Amino acid sequence: MKAKVEAAKKRGSNPKMKAQYMKRARRGMMGFCIIWRDEDPFTENGKIDGGEIDHANPTQKLICRDMWKRCSQWIVSTEFTWSVIMRVVFVGAPKGDCYYDNEFTYTCTLRGHKSEILNDAMEQALKDAIAGNDAYPDGHKNKGVYSACEFLAQVVGV
């Protein structure tokens, strides 16, 4: 008796098929969410180290975590509509740690050569938060020392 052997499907070099795979990959990123903390967020290398991956759908969460492990560079350098919340953290205030939240929604890359519009807006918001904190007199309940920025970025459009 002969055993039936089925050939495994291979991804060919057909440009039409590649475009379909890419479209499916981009669509699968909808709702992808990453949370990270960075002391100096606007350095030249612009890497996102660590980070916690999240998604509202538990199954999609597993897929997104796997995608982040495999192709994090592709994710941050591909244009999506990102909704980013940047929290500037000041520690050591008499009242307790102070937070200044800023929200941005842009269609661009999260990191890389096409992310200037997002980076410029976030850098200006960071400068404004530091200037606002410095404007407080010494001993004010909200005056603290800049510690880091915490980011929550979610893909809201492809």
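**Exercise 1.** In this predicted model, describe how helices α1 and α2 are oriented to each other.

*Solution.* The two helices, α1 and α2, are oblique to each other. To see the reason, start from the axes: those of α1 (residues 15-28) and α2 (residues 58-77) cross at roughly 120° and come within 11 Å. Angles of 65 to 115 degrees count as roughly perpendicular and those over 145 as roughly antiparallel, so an angle between these ranges is oblique. The handedness of the α1 and α2 crossing is left-handed.

**Exercise 2.** Which residues make the contact between α1 and α2, and how do they divide by class?

*Solution.* First take the α1 side, where Met22, Ala25, Arg26 and Gly28 take part. Then take α2, which supplies Gln60, Cys64, Met67 and Trp74. Sorted by class, the contact of α1 with α2 holds 5 nonpolar, 2 polar and 1 charged residues.

**Exercise 3.** Give the strand order of the open sheet and find the strands at its edges.

*Solution.* The open sheet has 5 strands in the order β2-β1-β5-β3-β4, and the pairing is antiparallel. Reading from the ends, β2 (52-54) and β4 (98-108) are the edge strands; each has a single partner strand, so one side of each lacks a neighbour in the sheet. On average, neighbouring strands of this sheet are turned by 20° against each other, direction ignored.

**Exercise 4.** How many bridges join β3 to β4, and which helix lies across these strands?

*Solution.* Strand β3 (residues 80-91) runs antiparallel to β4 and is joined to β4 by 11 bridges. In one bridge, valine 89 has tyrosine 99 of β4 as partner. Helix α3 (residues 116-135) lies across β3, β4 and β5 (145-157), and runs at about 165° to β4.

Technical notes:
Residues are numbered from 1 along each chain as its sequence is written. This is a predicted model: local features need pLDDT of at least 70, side-chain atom pairs count only at pLDDT 80 or more; totals for chains, interfaces and linings use all residues. Side-chain values use heavy atoms; hydrogens and water are left out. Axes are lines fitted to C-alpha atoms, for helices over the stretch in contact, and angles run from 0 to 180 degrees between N-to-C directions. Helices (H or I, at least four residues) and strands (E, at least two) are DSSP runs, numbered from the N terminus. Angles under 35 degrees count as roughly parallel, over 145 as roughly antiparallel, 65 to 115 as roughly perpendicular and the rest as oblique. A crossing is left-handed if the near helix is turned anticlockwise from the far one by less than a right angle, and right-handed if clockwise. Contact means heavy atoms within 4.5 Å. Ala, Val, Leu, Ile, Met, Phe, Trp, Tyr, Cys and Pro count as nonpolar, Asp, Glu, Lys and Arg as charged, and the others, Gly among them, as polar. Two strands pair if DSSP finds at least two bridges between them.
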